Amino acid sequence: MPDSSITKMALAASMKELMEQKDFSRISVGEICERSGINRKSFYYHFRDKYDLVNWIYYVDFLEHMKITETDTGWNIFTSICQYFYSEAKFYRNALQIEGQNSFHDYFYETLSIYLRCILQDVFPDEKQQTFSITFYCDAFYSAIKRWLTAREIMPVEEFLAHIHEVLEKSALLFLEKNIPEKG
């Protein structure tokens, strides 16, 4: 493993440990460096700030753990994302609280929108409708995941997924049944 990767991994491990112990807002770059044994200059060589480090952790871990194929359905992808977040719940509970510029919210939202674009491009070939749908689902999924992982007690992933599936299924049936506008 190149030195650069070793340094980044050491900083990431320190950040994850610290985020399991206290709020992101109370963690300083100095603490991250001290815990990892890496100097500040090296930190800033690799990352712009602690927000950038959190987003890098997500990117690297997410890609490593997500085994999504071209044949996966939207539900399979959402299930994989939830299982991954649940396995790293302590870290993401804290990451989901980060707000502002360069926040985890923005980075996750961007990643989720890429997956949704792949899923929805055939369903909504019209670019305007596709963009609206992606925004709608990103908002819904992000909010649901944040509420789930930041709850006092996190429900098991299977239970969370069952609730989401039921809401999607029953809502779709309800809206389609009673609110289909007449065409023509």
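A polar contact, as I shall use the term, is a pair of N or O atoms within 3.5 Å; within protein, one of the two must be able to donate a hydrogen and the other to accept it. With that in hand, let me begin at one such pair. In this predicted model, the side chain of Tyr-84 makes a polar contact with the side chain of Tyr-92, at 2.5 Å. I shall return to Tyr-84 after a view of the whole chain.

The protein has nine helices and zero strands. Read from the N terminus, its elements run α-α-α-α-α-α-α-α-α. Along the principal axes, the C-alpha atoms fill a box of roughly 65 × 35 × 30 Å. Of the 184 residues, 36% are buried. If we take the contacts between residues at least 6 apart in sequence, 62% of them join residues at least 24 apart.

Let me turn to helix H4, residues 50-65. This helix has 16 residues and reaches 22 Å from its first C-alpha to its last, close to the 22 Å expected at 1.5 Å a residue. At its start, a side-chain oxygen of Asp-49 comes to within 3.1 Å of the backbone nitrogen of Tyr-51. Which residues of H4 are buried? They are Lys-50, Asp-52, Leu-53, Val-54, Asn-55, Trp-56, Ile-57, Tyr-58, Asp-61 and Phe-62. The cover over these buried residues includes helices H1 (3-21), H2 (29-36) and H3 (40-46) from the earlier part of the chain, and H5 (74-87), H6 (89-95) and H7 (104-120) from the later part.

Two residues on other helices show this cover in detail. The first I have mentioned already: Tyr-84, which is placed in helix H5. Tyr-84 counts as buried because its relative accessibility is 4%, and the cut-off for that class is under 20%. Leaving aside residues up to four places away in sequence, Tyr-84 touches Tyr-58, Asp-61, Phe-62, His-65, Met-66 and Tyr-92. Tyr-84 and Asp-61 stand 23 residues apart in sequence, and their C-alpha atoms are 9.0 Å apart in space.

The other residue is Thr-111, in helix H7. Is Thr-111 buried or exposed? At 17% relative accessibility, Thr-111 counts as buried. With residues up to four places away in sequence again set aside, Thr-111 touches Tyr-58 and Phe-62. The side chain of Thr-111 also reaches the backbone oxygen of Tyr-107, at 3.0 Å.

I now come to H5 itself. At 1.5 Å a residue, its 14 residues should span 20 Å, and its end C-alpha atoms are indeed 20 Å apart. The buried residues of H5 are Ile-77, Phe-78, Thr-79, Ile-81, Cys-82, Tyr-84 and Phe-85.

How do helices H5, H7 and H8 pack against one another? Two packed helices are described by the angle between their axes and the distance between the axes, so I shall give both for each pair.

For H5 and H7, the angle is about 155° and the axes are 10 Å apart. That angle makes H5 roughly antiparallel to H7, since angles over 145 degrees fall in that class. From H5, the contact is made by Gly-74, Ile-77, Ile-81 and Phe-85; from H7, by Phe-104, Phe-108, Leu-112, Tyr-115 and Ile-119. The crossing is right-handed.

For H5 and helix H8, residues 127-149, the angle is about 30°, with the axes 11 Å apart. These two helices are therefore roughly parallel to each other. H5 passes H8 in a right-handed crossing. Here H5 contributes Phe-78, Ile-81, Cys-82, Phe-85 and Tyr-86, and H8 contributes Phe-141, Ile-145, Trp-148 and Leu-149. Please note Ile-81 and Phe-85, which are listed in the contact with H7 and again in the contact with H8.

The remaining pair is H7 and H8, which pack at about 130° with their axes 9 Å apart. That makes H7 oblique to H8. This crossing, too, is right-handed. On the H7 side, the residues in contact are His-105, Phe-108, Tyr-109, Leu-112, Ser-113, Leu-116, Arg-117 and Leu-120. They meet residues of H8 including Glu-127, Gln-130, Thr-131, Ile-134, Tyr-137, Cys-138, Phe-141, Tyr-142 and Ile-145. Phe-108 and Leu-112 of H7 belong to this contact and to the one with H5. On H8, Phe-141 and Ile-145 meet H7 and also take part in the contact with H5.

How values were computed: Residues are numbered from 1 along each chain as its sequence is written. This is a predicted model: local features need pLDDT of at least 70, side-chain atom pairs count only at pLDDT 80 or more; totals for chains, interfaces and linings use all residues. Side-chain values use heavy atoms; hydrogens and water are left out. Helices (H or I, at least four residues) and strands (E, at least two) are DSSP runs, numbered from the N terminus. The expected span of a helix is 1.5 Å times one less than its number of residues. Buried means under 20% relative accessible area, exposed over 50%, partly exposed in between (1.4 Å probe, protein chains only). Contact means heavy atoms within 4.5 Å. Axes are lines fitted to C-alpha atoms, for helices over the stretch in contact, and angles run from 0 to 180 degrees between N-to-C directions. Angles under 35 degrees count as roughly parallel, over 145 as roughly antiparallel, 65 to 115 as roughly perpendicular and the rest as oblique. A crossing is left-handed if the near helix is turned anticlockwise from the far one by less than a right angle, and right-handed if clockwise.
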